[in-house]
Amino acid sequence: MTNYQSDLLRLLNDRGYIHQLTDAEGLDKLANEAIVPGYIGFDATAPSLHIGSLVQIMMLRRLQQTGHKPIVVMGGGTTKVGDPSGKDESRKMLSTEDINRNITSIKRIFEKFLTFGDGPTDAIIVNNADWLDALGYVDFLRDIGPHFTINRMMTFDSVKLRLDREQPLTFLEFNYMILQAYDFLELSRRNSCQLQLGGSDQWGNIINGIELTRRIDGKQLFGLTTPLITTADGGKMGKTANGAVWLNADQLAPYDYWQFWRNTQDADVGRFLRLFTDIDSDEILRLENLQGADINEAKKMLADAATSLAHGEGAAEDAADTAQKTFEQGQAGGDLPVFEVSSDDISILDALVNIGFCSSKGEAKRMVAGGGARINDEPVKDANATIAMSEANIKISAGKKKHGLLRRAF
């Protein structure tokens, strides 16, 4: 079904968010007639979410934009267990204190994308530790355990992946899918939640929650998943040579965030504009049809819009201004890292380490060997090369996204 009547499913479909739906017709009818509370869960394994979570955050934003109620579920309880979905090995165990600190930090991200409050479509944040921590283990097993069979649990990808590769899957992690299903039941009871959204790897967990709630409370719930977001060359969205693209400014500077979007591949521009910005569909159609060097206009608009959402318009303007001064006008942008060189020259390895792009000379050597080091946009091929400080400012780059300035100290 693609001829949707509700604003919610029309918008999600038009902008490329829909991969699977449990009952398209039923959800479309409900969303056309009532405010639908919908949730996505986020485990707190680090002080920030990264760009791999951005499509989920944007789905909650779309939910609110079309007159429905987003529920952000922080996994204060489930983070103690660890979601095995898509993981080759067990996550490091975090203390309750670490988890709570991470939750406090992560909450700041959602305040940029959603409107919170007490109104019918205002977003709320809840913590599943509120109900999971209070469960009596034996009572929980007696009440919830009979609704899950080991036979079926063994068919889920999160389990099969580990077993097929003969990698350990702990009994703790094996329980994750039951706890996530129980989350949906509790949210249905506590917050009248009717919809769970998630990535395609969460389909089985979402189905479990829908079936559990139907069996115990006799209520109909709905599930919707997004496709796996990959780049045009088949890479995983947000995976870079320099690590994760974090959403918190103290994990990744807004300038570097802007540069990530500015370096989007030509073939991905239209899709990413639809998924990660609020730019009008007609304007996106114009932008994605630009050819040659003109496509850079679209990439800059993508970078501006995505950075404005995550860090504010001021940060986006500063990042764009820095990029223009540095790369188009040859000036020193204020947001770029700078290392002052007090001698007439500096080795490429020392330059990469001192400006903070590499943690050691060994790493710098590998950067040069891999073709990732550039001076004034020219690749450096010799790890023994020295840089003559014949100019006041010399641009140094590591990979496509890290740029800085070597400044001669007089």
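Buried means under 20% relative accessible area, exposed over 50%, and partly exposed in between. The legends below apply these terms to a predicted model.

**View 1. Leu 11 sits in helix α1 and is partly exposed.** Helix α1 covers residues 7-14. Leu 11 has 22% relative accessibility, so it counts as partly exposed. Sequence neighbours within four places aside, Leu 11 is in contact with Arg 62, Gln 65 and Thr 66. Gln 65 lies 54 residues from Leu 11 along the chain. The C-alpha atoms of Leu 11 and Gln 65 are separated by 9.5 Å.

**View 2. The whole protein has 18 helices and 15 strands.** Its radius of gyration is 24 Å, and the globule rule gives 22 Å for 410 residues. The two values are close, so the protein is as compact as a globular protein of that length. Along the principal axes, the C-alpha atoms fill a box of roughly 75 × 50 × 40 Å. Of the 410 residues, 49% are buried. Contacts between residues at least 6 apart in sequence were also sorted by separation: 72% of them join residues at least 24 apart.

**View 3. Six strands form an open sheet with mixed pairing.** The strand order is β1-β6-β5-β2-β3-β4. The edge strands are β1 and β4 (124-127), and each of them pairs on one side only.

**View 4. Strand β2 is largely enclosed by the rest of the structure.** This strand spans residues 37-43. Six of its seven residues are buried, which is why it counts as enclosed. Strand β3 (residues 69-75) pairs with β2 in the parallel sense, over seven bridges. Pro 37 has Lys 69 of β3 as its bridge partner. The chain gets from β2 to β3 through helix α3 (residues 54-65), and this β-α-β crossover is right-handed. Further along the pair, Gly 41 stands opposite Val 73 in β3. Strand β5 also runs parallel to β2, joined to it by two bridges. There, Tyr 39 has Gln 196 of β5 as its bridge partner. In a regular strand, side chains alternate between the two faces of the sheet.

**View 5. Helix α2 lines one face with its buried residues.** The helix runs over residues 24-33, and its buried residues are Ala 24, Leu 27, Asp 28, Leu 30 and Ala 31. Seen down the axis of α2, these residues fall within an arc of 165°, so they line one face of the helix. Glu 25, Lys 29 and Glu 33 are exposed on the other side of α2. The buried residues of α2 pack against helix α1 and three strands: β1 (20-21), β5 (195-199) and β6 (222-226).

**View 6. The largest nonpolar core has 68 residues.** Leu 54, Phe 110, Trp 261 and Phe 276 have the most contacts inside it. Helix α15 (residues 295-311) gives the most to this core, with eight residues. Phe 276 is in contact with Leu 54 and Trp 261, again leaving aside neighbours within four places in sequence. Other contacts of Phe 276 include Tyr 17, Val 55, Met 58, Ile 229 and Met 237. Ala 306 and Leu 309 are also in contact with Phe 276. Apart from this core lies another, of 29 residues. Among its residues are Tyr 39, Leu 132, Phe 174 and Leu 185.

**View 7. Ser 192 has a positive phi value.** Its phi is near 55°, in a residue other than glycine. Ser 192 belongs to the loop between α10 (176-191) and β5. At 48% relative accessibility, Ser 192 counts as partly exposed.

**View 8. Thr 96 is in helix α4.** The helix covers residues 96-113. Thr 96 is partly exposed, with a relative accessible area of 39%. Gln 291 lies 195 residues from Thr 96 along the chain. The C-alpha atoms of Thr 96 and Gln 291 are separated by 52 Å.

Key. Residues are numbered from 1 along each chain as its sequence is written. This is a predicted model: local features need pLDDT of at least 70, side-chain atom pairs count only at pLDDT 80 or more; totals for chains, interfaces and linings use all residues. Side-chain values use heavy atoms; hydrogens and water are left out. Helices (H or I, at least four residues) and strands (E, at least two) are DSSP runs, numbered from the N terminus. Buried means under 20% relative accessible area, exposed over 50%, partly exposed in between (1.4 Å probe, protein chains only). Contact means heavy atoms within 4.5 Å. The arc is that of the directions from the helix axis to the C-beta atoms. Two strands pair if DSSP finds at least two bridges between them. A crossover is right-handed if, with the strands pointing away from the viewer, the path from the first strand over the helix to the second runs clockwise. A nonpolar core is a set of buried Ala, Val, Leu, Ile, Met, Phe, Trp, Tyr and Cys residues joined through side-chain atoms within 4.5 Å. The radius of gyration is taken over C-alpha atoms; the globule rule is 2.2 Å times the number of residues to the power 0.38.
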